[in-house]
Amino acid sequence: MARMKPLTGTLLLAAAVATANAGRAQQQLFGLDQTGIIYEVVGYDLPGSTLVPVVQLALGANETPLALAASPSGRLFVHTVSGSTGEIVEVDRTTGQRTALCATSGALRDGLDRRFDGTLIFEIDSTDFVLLDPDSCATTVVQASTGLAGNSPFVSLAFDDRGRIVSVGGSGTSARFDALDGALSGTFAAPMFDDVRALEVDLDGTVYFALVDGQIFAAGAQLFDVTPSNAVPLTGLAFTQPADGQGMTIACGGVSNSTGAASTIEVLGNAVVSSDDFELRSRSLPVGSFGYYLTGRAFGTTPVGSGVLCIASPVQRYSNFVQNAGVGGMVRFEVDLTMLPNGSPVLAGETHLFQYWHRDVGGTSNLSSAVEVLFR
């Protein structure tokens, strides 16, 4: 997917963004409708939510807005299509600036979300998800182990509170997939209506659905409650705080290895110590390379091999759990939060960094990006 030159356009400021309710001050929910208007969904977790217009996206001829994503700082990303091609654009909700980021192509479908590390994801057909770095436009295709039967073109997706991909088809068939290898994690029923246009997941794991008639449904497990909204068909929903990655930030980026890309670090699970549900995974590794994860309490920058170690001394090594990247160039490792390599447990309130150290061709080594986690 080629990098596009930035372009600008005029966005009309329709109204000031209303203040989110105090109970959800850490999250704001935004919606995108079929005409390109971006709204804040105020009171989305209370009966009687309202849509407050924020900006009008300037659309080109035959351009259709498909989906919406947001960053914690309020950066808004829109996936639009025109014919068989599309693009990801950034919309500044304060100034109204539109900037083209990356071109998309293929059998385009709906859906867009943003992971805690900044990665965007969208769906190009009933089985393939695309992970996209919006800064470099580098892409990784994740093929799901099974498609969603009966999907209409109105498909949406999001990351849930554990970092899994949640995807829904217009037929109401929903499934969760592993974002590393596309393995099916389970299915569940969407609202018992067709024409689900968008979904998003909040910090507690609650799934919100937007229907073609403008209604918004909140889903807890398989129980669904109607939250009436303005009768505006929404094609996208986006929380400013991604559901996955609470308390997690990327502390430093990696240095490109022999694959031409920097190896990554991702998390499946959460930072809740009592749940002991924390898995590290890395991709873009040299095929068949060996390595293991490192951890520590403080940030640092030390050149090691061809990369940079972002953990200050003392560094703890999971050297008893050597990983092999295999033919896919990926590894995964379940962290036991009750016992770090030095024998101590992770405690609530502590901050820990994690990074993957791996072999590379030419007798050198490299390191992935590093994630900093505030456990609770």
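This report covers one four-stranded sheet and three backbone features in loops.

The model is predicted, so local features need pLDDT of at least 70 and side-chain atom pairs count only at pLDDT 80 or more, while totals for chains, interfaces and linings use all residues. Residues are numbered from 1 along each chain as its sequence is written, and side-chain values use heavy atoms, with hydrogens and water left out.

**Sheet**

Four strands form an open sheet in the order β5-β6-β7-β8, with antiparallel pairing. Strands are DSSP runs (E, at least two residues), numbered from the N terminus, and two of them pair if DSSP finds at least two bridges between them. At the edges are β5 (64–70) and β8 (98–105), each of which pairs on one side only. Neighbouring strands of this sheet are turned by 25° against each other on average, direction ignored; the axes are lines fitted to C-alpha atoms, and angles run from 0 to 180 degrees between N-to-C directions. Strand β7 (residues 85–91) is joined to β8 by seven bridges, and the two run antiparallel. E90 has T99 in β8 as its bridge partner.

**Loops**

A cis peptide bond, with omega about 5°, links S313 to P314. P314 sits in the loop between β27 (307–311) and β28 (316–317).

Two residues that are not glycine have a positive phi: C137 and D276. Buried means under 20% relative accessible area, exposed over 50%, and partly exposed in between (1.4 Å probe, protein chains only).

| Residue | Phi | Loop between | Relative accessible area |
|---|---|---|---|
| C137 | about 65° | β11 (128–132) and β12 (139–143) | 3%, buried |
| D276 | about 45° | β23 (266–269) and β24 (278–282) | 35%, partly exposed |
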